[in-house]
Amino acid sequence: EGAINAVNKHMPLLRNRIVMLLSGEVFEQLQSDAGRVQLQQKLLAAMQEIMKKETGDVQIEQVFFTNFVMQ
């Protein structure tokens with residue numbers, strides 16, 4: 001429960017970082033499973049970095065995609 005509260009508190013920072021990472025991705029790379037796995041790893045590392053800085057603990061263990069839409 002503490003981790004959920006911490007993530008909710010820092011959601012603006014997390015969302016900003018997610019948007020910045022996604023905006024720099026290349027369409028062709030995201031069409032493969034390997035590209036999407038690499039994106040998951042980048043997102044996880046970025047979010048853990050923010051949470052470590054803000055709370056002293058990484059708080060986030062995994063990133064899951066529930067939808068994946070590319071334009």
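**View 1. Glutamine 59 is partly exposed, at a relative accessible area of 23%.** Partly exposed is the middle class here: under 20% relative accessible area is buried and over 50% is exposed, using a 1.4 Å probe and protein chains only. You're looking at a predicted model, where local features need pLDDT of at least 70 and side-chain atom pairs need 80 or more, while totals for chains, interfaces and linings use all residues. Numbering starts from 1 along each chain as its sequence is written, and side-chain values use heavy atoms, leaving out hydrogens and water. Glutamine 59 sits in the segment after helix 4. Its phi is near 65°, which is a positive value in a residue other than glycine. If you skip residues up to four places away in sequence, glutamine 59 touches Gly2, Ala3, Ala6 and Met51; a contact means heavy atoms within 4.5 Å. Now look across to arginine 15: that residue is 44 positions from glutamine 59 along the chain, and their C-alpha atoms are 15 Å apart.

**View 2. Here's the whole chain, with 4 helices and 0 strands.** Starting at the N terminus, the elements go α-α-α-α. Helices (DSSP H or I, at least four residues) and strands (E, at least two) are numbered from the N terminus. The C-alpha atoms fit in a box of roughly 35 × 20 × 20 Å along the principal axes. Of the 71 residues, 24% are buried. Take the contacts with a separation of 6 or more: 54% of them involve residues 24 or more positions apart. The accessible surface is about 5,300 Å², and carbon and sulfur atoms account for 52% of that. The area comes from the Shrake-Rupley method with a 1.4 Å probe.

**View 3. Histidine 10 sits in the loop between helix 1 (2-9) and helix 2.** It may be in a loop, but histidine 10 counts as buried, because its relative accessibility is 10%. Which residues does histidine 10 touch, not counting those up to four places away in sequence? They are Met51, Glu54 and Thr55. Met51 turned up in the first view too, touching glutamine 59.

**View 4. Lysine 42 and glutamate 25 make a salt bridge, with their closest N and O atoms 3.0 Å apart.** This pair ties together distant parts of the chain, 17 residues apart. Lysine 42 comes from helix 4 (residues 33-55), while glutamate 25 comes from the loop between helix 2 (11-23) and helix 3 (27-30). Their surroundings aren't alike: lysine 42 is partly exposed at 33% relative accessible area, whereas glutamate 25 is buried at 17%. A salt bridge here is a side-chain nitrogen of Lys or Arg within 4 Å of a carboxyl oxygen of Asp or Glu. Searching the whole structure turns up 2 of them.

**View 5. Arginine 36 and aspartate 33 meet in a salt bridge, 2.5 Å from N to O.** How far apart are these two in helix 4? They are 3 residues apart, which means about one helical turn separates them. Aspartate 33 is exposed, with 56% relative accessibility, while arginine 36 is partly exposed at 22%. Leaving out residues up to four places away in sequence, arginine 36 also touches Gln29, Leu30, Gln31, Phe65 and Phe68. For a sense of scale, follow the chain from arginine 36 to lysine 52: they're 16 residues apart in sequence and 24 Å apart in space, C-alpha to C-alpha.

**View 6. The largest pocket has a volume of about 280 Å³.** Among its 16 lining residues, Leu22, Leu39, Leu43, Phe65 and Phe68 are the closest to the centre. Helix 2, helix 3 and helix 4 each give two or more residues to the lining, and helix 4 gives the most, with 3. By type, the lining has 13 nonpolar residues, 2 polar and 1 charged. Nonpolar covers Ala, Val, Leu, Ile, Met, Phe, Trp, Tyr, Cys and Pro; Asp, Glu, Lys and Arg are charged; the others, Gly among them, are polar. A pocket is an open set of points on a 1 Å grid over the protein atoms alone where a 1.4 Å probe fits, with protein on both sides within 12 Å along at least five of seven lines, and lining residues have an atom within 4 Å of a point. Points join across faces, edges and corners, and the volume is the space filled by probe spheres set on them. Two of the central lining residues, Phe65 and Phe68, are also ones that arginine 36 touches.
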